[in-house]
Amino acid sequence: MPAPIRLRELIRTIRTARTQAEEREMIQKECAAIRSSFREEDNTYRCRNVAKLLYMHMLGYPAHFGQLECLKLIASQKFTDKRIGYLGAMLLLDERQDVHLLMTNCIKNDLNHSTQYVQGLALCTLGCMGSSEMCRDLAGEVEKLLKTSNSYLRKKAALCAVHVIRKVPELMEMFLPATKNLLSEKNHGVLHTSVVLLTEMCERSPDMLAHFRKLVPQLVRILKNLIMSGYSPEHDVSGISDPFLQVRILRLLRILGKSDDDSSEAMNDILAQVATNTETSKNVGNAILYETVLTIMDIKSESGLRVLAINILGRFLLNNDKNIRYVALTSLLKTVQTDHNAVQRHRSTIVDCLKDLDVSIKRRAMELSFALVNGNNIRGMMKELLYFLDSCDPEFKADCASGVFLAAEKYGTDSLTSLHVTAVLSCVLAGSYVRDDSVPNLIQLITNSVEMHAYTVQRLYKALLDDISQQPLVQVASWCIGEYGDLLVSGQCEEEEPIQDEVLDVLEGLLVSNLSTPVTRGYALTAIMKLSTRFSSVNRIKKVVSIYGSSIDVELQQRAVEYNALFKKYDHMRANPNPNIAVITIHASNSTEAEMTDFVFQAAVPKTFQLQLLSPSSNVVPALNQGTVTQVIRVLNPQKQQLRMRIKLTYTHKGSPVQDLAEVNNFPPQSWQ
Amino acid sequence: MCLIVAPSDLLVCLCCQMRFLLLFSRQGKLRLQKWFTPMSDREKKKIIRDMTTMVLARQPRSCNFLHWKDLKIIYKRYASLYFCLAIESQENELLALEVIHRYVELLDKYFGNVCELDIIFNFEKAYFILDEFLMGGEIQETSKQVVNRCIESSDMLQETMEEYMSKPAF
C-alpha cells in the first residue's frame, strides 16, 4: 500500500479543482483512502491523515470519523502526533459529545509530562474546551501548575483556571491560595493572565471582590511602572509599554473601585495620569484612553476626573479615525443619563456626526441625539432630526421615526404645534415605522392642531394613493379622511382636490384589500360612515354600509349594523340636523394583554345638557388592540354651552374590578357650537 | 455560556472576552476558525455565513465595528484576508483591533512576510501560533518574542522523518 499523500500535496491538488463537483470528488476519494488507513490502525500515517482531514473539515466537509483518531494521536508519545491530535480535538470534538471524556486521562498524564510544551498543549486544550466533568477531574492538576515557578506553565494554568471556574463555579475557592503572590511576578504573561483570573473571581463573588480590594495599591504600582518605564522592546507597541496589560489592569481597577470610596480614591491619581499622559496619535493609545474613560465613569471618581473623561470622549469625536469617533459615541450614549450636562456640551459635534458617511456612526449619533433632546433644544434638534429622517437610509427610518415621535410628544409645546404635527406626519409618511399603539396618540395630536387639518388630510390622502400596506398610516389616514373629508374635497388645499367618489373609492378599496387588517377595516368603515354627513353621495355610503352588515368579521358587522341603524332611525336628522344635538361616538380600545370584561361606560354632564347613551357594541374590550367597543352618545345642548363631561369606566381586568374616573373638557368646539 | 444573575453590584454577563475568530478570503473562503465557546456545527456554519456576508458587504472606508446579535464584531482586512473577531458587548473594541494586529504580526514574524498562501498551506501552524497567543477567549501572552520563541522551540521538538519512523508510538 503506497504511503498516503502528504498534506501539502493534497492541498495543492484540491486547489486545482475547477468546480465544486470536482472538488467534492477529490475529497471523497481522499476520505475513502483515509478511512481505510484508519481501519488498518496505521500508526505511522495517522498524524498525516488527521491533518488532511482537518484541512477538508475547514473546507466544510464532514470529518467526524476522525474524532477517535485524534484521541489516539493525543495518547501517542510523539510530539508531532500530540500537536496534531490536540489541534484535532479542539476542532472536531466538543464537550457535548461523550467521546471527549476519553481525553481526560491523556490530558492528566500530559499535564505532568516532563516536557513543558506537552504540558502546554494539555493546558491549552483543557482551557479551551474542557467540559465540566473534565474540569472537575483535572482542577487539582491545574491548581498545582498555578503554583509552579515556570512562567510558561503558570500563565497557561491561570487561564485554564479561569475556564475551570467558568465551567464549575463551585471550584473557585480552591484556587484562592495560589493567587497569593501572582501579582509579584515580573513576567508579563503571568501578570496578564493573573489579572484575568483575579477579575473572573471578583466578578463572580462579592466575597472575593472584598478580599481582593487590598490589591488596589499593588495594581496601581504595576500600572505606574508600565507608564513610567522606559522603552521595553519586548512589550512595546508604538511607544506604549504592554497596552494589553494596561487595559486589563484598568478593567480590574474598575471592578474593584465600583461602589467603594476608598478604592476609588486610591486609583484617582493613576487614572488622571493615564488620561493625560497617554499618547493619542495611534489606535493603541486611544484603546487605553478608552478603557480609562470607562473606568473613571464606573467608579466613584471625583467630578474633575469625570469631566476629564467626558472631554476625552469629546476629543475622540473630532478624531479623524472613524473607529474612535464610533467608540466615543457609544460611550457617550452610556454616560448621557448620569452626566447629561457634560455630554450636552458636545451636542453640536454629535449632531454633526449624523452627516457622517459611516453607517455605524450615523446610527450611534442618532441614538445619542435623541437622548440629548430636551425642552431647551427641541427646536434646533427637531430640525436636524427631521432632516435626518428625510434623508437617511431605510434601515434607520423605523427607529428615527419612533424617536422623533417620542421627542415631539415629550417636549412639543403649544407654540411648537405645527412643528410637532410636521414631525408627526413625517413619521407616519415614513411608513410603518410608527408603532400600532401610537395611532390614537397621533389622531389626538392631529385633532388638536386645528389650522393643520386641511394640510394633514391632503398629505395623508396622497400617501394612501401610493401605498396602502402600512397599517398605522392607513388607519390615521382613514380617520382623518372621515373627520376632515369636507376639507379634502373643498378646494382648501393647494393641489388638485379629489372628488367625493374618488375618496369613497379609496376608502372602499381599503375595506376589500387583503393588506388591510380587521382594525384598519374598522377605521375605513367608520370613516365612510362619517362622510355621510359631509359628502352628498349618501346613497352610495348607505349601500356600502348595508353590505358590511353581513360581514364575517364580527367587528365590522357590528359597526355596519349600528351605522345602518343610524341611517334608519336617525335619518330624519340628516336633512335637518338638530343643531342642538351633538352625536359623539366613543371607541374604547385595550392595549394590555388581558381583555376587559363587563365594560360599562357612564357619563354625566352639567345640568343644562341632556344625555342619551345608546347601547354599546359589546361589553368586552379585547386585549392587545384587537378590537374596540363603540358606543354612541347623543348630547342635547340647547343653551350652546361648552360641553363638559364626567366619565366613569368600570370593567373587570385579570379578575379584579377596575374603576376609572375622568373629566373630558376638550371636546372640539364644533361639537357644541 | 449561561448568564448568571448575581447580586446587584456585580457584573452580570459572565462569558469570556472573545467568542470566535475567523479568517476568510475576499471570496468568502474560510482559512481559519477558532471558537472560544462550545457551539454546534450548525451554529458555526450559520455564523460563518453571516460573518462573511456582513463583512464582505461593508464599504471600503467604513469603521471596523459591526453589531451582530449581542456581540460586537471587529474586522480588519490585511491584503487578501479578512480577520473577524467577535467580542462581548462590554469589551474594548479598540483593543480588539490591537489583538488582531498582534496576531498578524506574529504570523508575519513566523512566516516572514506572511501572505494568504502561507496560511492555506500551513494552517496548522497558524493555529499553533494562535494557541500561544490566546486561550479560552483571553490573551495569554503579551510579548511577541516569547510567543515566537515558544513556537520555534515546539517546532524543534517535532520529530524529523527518521526520528518519527523509528520512535515507538505508545
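## A first walk through chains A and B

Asp598(A) lies in strand 4 of chain A, which covers residues 596-604. This is a predicted model, and Asp598(A) is a good place to start looking around in it. Although Asp598(A) is not a glycine, its phi is positive, at about 50 degrees. Is Asp598(A) buried, exposed or partly exposed? It counts as partly exposed, because its relative accessibility is 47% and the partly exposed class runs between 20% and 50%.

Chain B offers another residue with a positive phi. Asn113(B), also a residue other than glycine, has a phi near 55 degrees. You will find Asn113(B) in the loop between helix 2 (93-111) and helix 3 (116-121) of chain B. With a relative accessible area of 66%, Asn113(B) is exposed.

While you are in chain B, a database record is worth a glance. According to an unreviewed UniProt entry, residues 17-155 of chain B are covered by the annotation "domain: AP complex mu/sigma subunit". Over that stretch of chain B, 46% of the chain is helix and 27% is strand. The C-alpha atoms at the ends of residues 17-155 are 29 Å apart.

Back in chain A, let us look at a sheet. Which order do its strands take? The 3 strands form an open sheet in the order 3-6-5, with antiparallel pairing. Strand 3 (581-589) and strand 5 (610-613) of chain A are at the edges; each has a single partner strand, so one side of each has no neighbour in the sheet. From one strand to the next, the twist averages 25 degrees. Strands of a sheet pair through backbone hydrogen bonds, in a parallel or an antiparallel way. The two pairings here are set out below.

| Strand pair (chain A) | Bridges | Direction | Opposite residues |
|---|---|---|---|
| Strand 3 and strand 6 | 9 bridges | antiparallel | Ala582(A) and Val635(A) |
| Strand 5 and strand 6 | 4 bridges | antiparallel | Gln612(A) and Arg634(A) |

In a regular strand, side chains alternate between the two faces of the sheet. Strand 3 of chain A shows such an alternation. Ala582(A), Ile584(A), Ile586(A) and Ala588(A) point to one face and are buried. Ile581(A), Val583(A), Thr585(A), His587(A) and Ser589(A) point to the other face and are not buried.

Helices meet in chain A too. The axes of helix 27 (residues 500-512) and helix 29 (residues 538-547) of chain A come within 11 Å and cross at roughly 5 degrees. Why do helix 27 and helix 29 of chain A count as roughly parallel? Their crossing angle is under 35 degrees, so the pair falls in the roughly parallel class. Helix 27 of chain A brings Asp501(A), Leu504(A), Asp505(A), Glu508(A) and Leu511(A) to the contact, while helix 29 of chain A brings Arg540(A), Ile541(A) and Val544(A). Sorted by class, this contact has 4 nonpolar, no polar and 4 charged residues.

Our last stop is Phe316(A), in helix 16 (residues 303-317) of chain A. Phe316(A) is buried, because its relative accessible area of 3% is under the 20% cut-off. Which residues does Phe316(A) touch, leaving aside its neighbours within four places in sequence? They are Asn286(A), Leu289(A), Tyr290(A), Ile324(A), Arg325(A) and Ala328(A). Thr280(A) is 36 residues away from Phe316(A) along the chain, and their C-alpha atoms are separated by 9.6 Å.

Definitions and conventions. Residues are numbered from 1 along each chain as its sequence is written. Chains are lettered from A and ligands numbered from 1 in the order in which they are written. This is a predicted model: local features need pLDDT of at least 70, side-chain atom pairs count only at pLDDT 80 or more; totals for chains, interfaces and linings use all residues. Side-chain values use heavy atoms; hydrogens and water are left out. Helices (H or I, at least four residues) and strands (E, at least two) are DSSP runs, numbered from the N terminus. Buried means under 20% relative accessible area, exposed over 50%, partly exposed in between (1.4 Å probe, protein chains only). Contact means heavy atoms within 4.5 Å. UniProt positions are given in the numbering used here, feature names are shortened, and annotations may be inferred rather than shown by experiment. Two strands pair if DSSP finds at least two bridges between them. Axes are lines fitted to C-alpha atoms, for helices over the stretch in contact, and angles run from 0 to 180 degrees between N-to-C directions. Angles under 35 degrees count as roughly parallel, over 145 as roughly antiparallel, 65 to 115 as roughly perpendicular and the rest as oblique. Ala, Val, Leu, Ile, Met, Phe, Trp, Tyr, Cys and Pro count as nonpolar, Asp, Glu, Lys and Arg as charged, and the others, Gly among them, as polar.
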